[in-house]
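Reader: I have a model open and want to read its packing. Can we go through it in short steps?

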Amino acid sequence: MSGNSANQHHWSGVLSSALDAVGHTPLIHLKRIQEAQGLQCRLLGKVEFFSAGGSVKDRIAKRMVEEAEKDGRLIPGKSVIIEPTSGNTGMGLALASALKGYQCIITLPAKMSLEKEVMLRALGAEIVRTPSWDSPESHIGVAHKLRDSMPNAVILDQYSNPNNPLAHYHTTFPEIMASPSSDFENKEIDLIVAGAGTGGTITGLSDAIRDREKAFPEKNKTTVVAVDPVGSILGGGEPGNYAVEGIGYDFFPEVLKPNAPSIDDWVKVNDDEAFAMTKLMIRKEALFVGGSSGSALAGALKYLHSPKGQSIASNPNANVIIILPDGVRNYLSKDWFLEGAQGPSNPLREKMREIIGREL
Ligand code: PMP
């Protein structure tokens, strides 16, 4: 079976490797949260942790490697793949490297989780932890230094590689449109919301949406909203620290098209808002999503509850697609997840404590 068949929604048959299990993620109705928020529109999450390497970035890793093999930049058994990443692109590249026989080096900023580092090492990648964003010692600076002094080393460079947005143009978007669900029968997307890191996800989706609008001018126009953490400059504001991983930067990546007609609006979200929404999705929708998924949901809700979002929020035929980029298993050791994970005391636990006779 081909891993490229975008309209395939359930795995069947025998796949030739884990690379064939990249993408093909489910679109899941976040019905409980939609109702609790008093929204008439449908909230639909594209849940990317179901992909083989656990995130939306598997798609671009696979495409960047395959395209570089086609044009001869990568030679299995010979090339060394080096990439600066917040971890998830690294996971996809390390997965492809393990299967195809590349050496793989990932430069990873210090704030990124231990879980990502350990999984990368388990896949056979070499890891360099780096301090800050904007110095020669940054993950980008160190990756270039290694590449410049190693024969056969290649940086595929997700920040400038056109195959980053194209992966979403050719897989994420067609999968959404092909979703076989009565909850998405009319196949109209009224609002699509995604966080921006490199911007590949939102730019690729937006390019596909705008091309579809040109092909079918009678259809609804889709509003594209990008979500950016407080502390990142992409959606405006001052640079600063924040804990959520994978989104926001202190420079504009080349693949990001930040203005209309690509992106209609930016919404800023802080860590507390993001992590509260991550925990809400786990508790109410039983979806083990990561921190930037909480940012995306928080951004979508802010937009829908604002005056600009009113006509979509109150329309029962409107579909809102939210990209949920990775899973919380990437972040189990982080304080934001461990704090309050058990939830407040409740009558069931009180009863159990009475029966068992000790604190639980
Ligand atoms: N969330 C997470 C967890 C990520 O790793 C990334 C990739 N940096 C994103 C969101 C953003 O994706 P993109 O780079 O396509 O903007």
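Reader: At what angle do helix α3 and helix α4 pack?

Author: This is a predicted model, where local features need pLDDT of at least 70, side-chain atom pairs count only at pLDDT 80 or more, and totals for chains, interfaces and linings use all residues. Residues are numbered from 1 along each chain as its sequence is written. Helix α3 covers residues 88-100 and helix α4 residues 114-122 (DSSP runs of H or I, at least four residues, numbered from the N terminus). Their axes (lines fitted to C-alpha atoms over the stretch in contact) are 9 Å apart, and the angle (0 to 180 degrees between N-to-C directions) is about 10°.

Reader: Why is α3 called roughly parallel to α4?

Author: Angles under 35 degrees count as roughly parallel, over 145 as roughly antiparallel, 65 to 115 as roughly perpendicular and the rest as oblique. The angle here is about 10°. That makes the pair roughly parallel.

Reader: Which residues of α4 do Gly90, Met91 and Ala94 meet?

Author: Contact means C-beta atoms, placed from the backbone, within 7 Å. Those three α3 residues meet Lys116, Met119 and Leu120.

Reader: What is the strand order in the open sheet?

Author: Strands are DSSP runs of E, at least two residues. Two strands pair if DSSP finds at least two bridges between them. The edge strands, β5 (126-130) and β6 (153-155), each pair on one side only. Four strands pair in parallel, in the order β5-β4-β3-β6.

Reader: Which residue in β4 is the bridge partner of isoleucine 82?

Author: Strand β3 (residues 80-84) runs parallel to β4 (residues 103-109), and five bridges join them. For isoleucine 82, the partner is isoleucine 105.

Notes:
Contact = placed C-beta atoms within 7 Å.
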